[in-house]
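User: I would like a close look at one part of this model. Please walk me through how the protein meets the DNA, strand by strand.

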Protein chains: 2
Amino acid sequence: MISFDAFKPTDGTPIYQQILLYIERGAVAGTIRDGDELPSRRVLSALLGINPNTVQKAFHLLEEEDLIESQAGAKSVMKIDEEKIRKLRENLLREDIRSITGALRQMGISREEAIRLIGQYWDEE
Amino acid sequence: MISFDAFKPTDGTPIYQQILLYIERGAVAGTIRDGDELPSRRVLSALLGINPNTVQKAFHLLEEEDLIESQAGAKSVMKIDEEKIRKLRENLLREDIRSITGALRQMGISREEAIRLIGQYWDEE
DNA sequence: TTGACTGTATTATATGGCTAGTACAGTTGG
DNA sequence: CCAACTGTACTAGCCATATAATACAGTCAA
């Protein structure tokens, strides 16, 4: 059963998107594996203190991305292989890193300073 | 007059926030300076193809942050000094970099790989 | 088998972002 | 002076996000 202990929702981004990202990043990290069971919509919504429909929206999108498999009556399970994870990793990395390099460039920060800053902030958590 | 030629709105983030960030990052970069005139709400909204109220919302927030000064009838002007810019830079950097380090960590990426990836993507633009 | 769980679907309401249109008072330049 | 600009304010509508309540059919374990 996939754990959501490490899921800390932020405001600003839609919750259903954060759930989506949590699953996708877990798959890339290898902490979420093929065949793993997801909590039911009702259980997870109660756990996170949000509406079941919001969880359903996230799971429905995972279904459309073909990352999970659902059938009425049974829990949804992860359906991922090496190839899907490889593409996922590439897409998530590109999206995330593009945004930060764009932001730093707009602030007039050089490549060297950017690298120094990432290293500095990496340790401050 | 501050130019918005480099302003390329993305969808996903509210437009008024992107305008806010564009001004703030420009101030940090030094391309936007104290005393610089901002385009009028009507002119800028026409230029960006958005609603005047959306620009007004962004400018109103800049007013609340004490980064611009507005008076009815006249154009708004930048009102920034070294100290404001220093704080702005610190806050924007912390916010931006925290989000990327958090995302990379969730994907199980090491500090060294993170730095390598930033350097790699930096050149690919 | 059967009761408690599961996924799925529907309708309704509230809020925030964005658009559209209108209005009014202050300034600026010819 | 005054016409054209400026900032500011307001109402109304649309769409996405999130909530709330309910319903129904399929799965699964005791």
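Analyst:
**The DNA contacts**

A polar side-chain atom of Tyr16(A) sits 2.7 Å from a phosphate oxygen of DNA strand D. That is a polar contact (a pair of N or O atoms within 3.5 Å). The model is a predicted one, so local features need pLDDT of at least 70, side-chain atom pairs count only at pLDDT 80 or more, totals for chains, interfaces and linings use all residues, and side-chain values use heavy atoms without hydrogens or water. Residues are numbered from 1 along each chain as its sequence is written, while chains are lettered from A and ligands numbered from 1 in the order written.

Stay with strand D. Bases are reached here too. Arg42(A) places a side-chain N or O atom 3.3 Å from a base nitrogen of DNA strand D. Chain B adds a backbone contact: a polar backbone atom of Gly73(B) is 3.2 Å from a base oxygen of that strand.

Which elements supply this surface? Those giving two or more residues to the surface near DNA strand D are, in chain A, helix H1 (15-29) and H3. In chain B they are helix H2 (41-48), H3, strand S1 (68-71) and strand S2 (74-78). Helices (H or I, at least four residues) and strands (E, at least two) are DSSP runs numbered from the N terminus.

Now the whole surface. DNA strand D is surrounded by 26 residues; near means a heavy atom within 4 Å. The closest are Ile15(A), Tyr16(A), Asn53(A), Arg41(B) and Arg42(B). Of the strand D atoms within 4 Å of the protein, 62% belong to sugar or phosphate, and the rest to bases. By class, the surface near strand D holds nine nonpolar, 12 polar and five charged residues. Nonpolar covers Ala, Val, Leu, Ile, Met, Phe, Trp, Tyr, Cys and Pro; charged covers Asp, Glu, Lys and Arg; the others, Gly among them, are polar.

Gly73(B) deserves a second look. S1(B) and S2(B) form a hairpin with two residues between them. Gly73(B) lies in the turn, with a positive phi of about 100°. The two strands run antiparallel and are joined by three bridges (DSSP must find at least two for strands to pair). Glu69(B), for one, has Val77(B) of S2(B) as its bridge partner. The backbone of Gly73(B), in that turn, is what comes 3.2 Å from the base oxygen of strand D.

Turn to strand C. Here the phosphates are met by Lys57(B) and Asn51(B). A polar side-chain atom of Lys57(B) is 2.9 Å from a phosphate oxygen of DNA strand C. For Asn51(B), a polar backbone atom lies 3.0 Å from a phosphate oxygen of this strand. A base is reached as well: Arg42(B) has a polar side-chain atom 3.3 Å from a base nitrogen of DNA strand C.

Both chains contribute two or more residues per element to the surface near strand C. Chain A does so with helix H2 (41-48) and helix H3 (52-64). Chain B does so with helix H1 (15-29) and helix H3 (52-64).

DNA strand C has 26 residues around it, and the closest are Arg41(A), Arg42(A), Ile15(B), Asn53(B) and Thr54(B). Sugar and phosphate make up 62% of the strand C atoms that come within 4 Å of the protein. The residues near strand C split into nine nonpolar, 12 polar and five charged.

Last, the setting. Chain A has five helices and two strands. From the N terminus, the order is α-α-α-β-β-α-α. Its C-alpha trace spans about 55 × 35 × 25 Å along its principal axes.

Notes
Polar contact = N/O pair within 3.5 Å; in protein donor to acceptor, adjacent residues only side chain to side chain.
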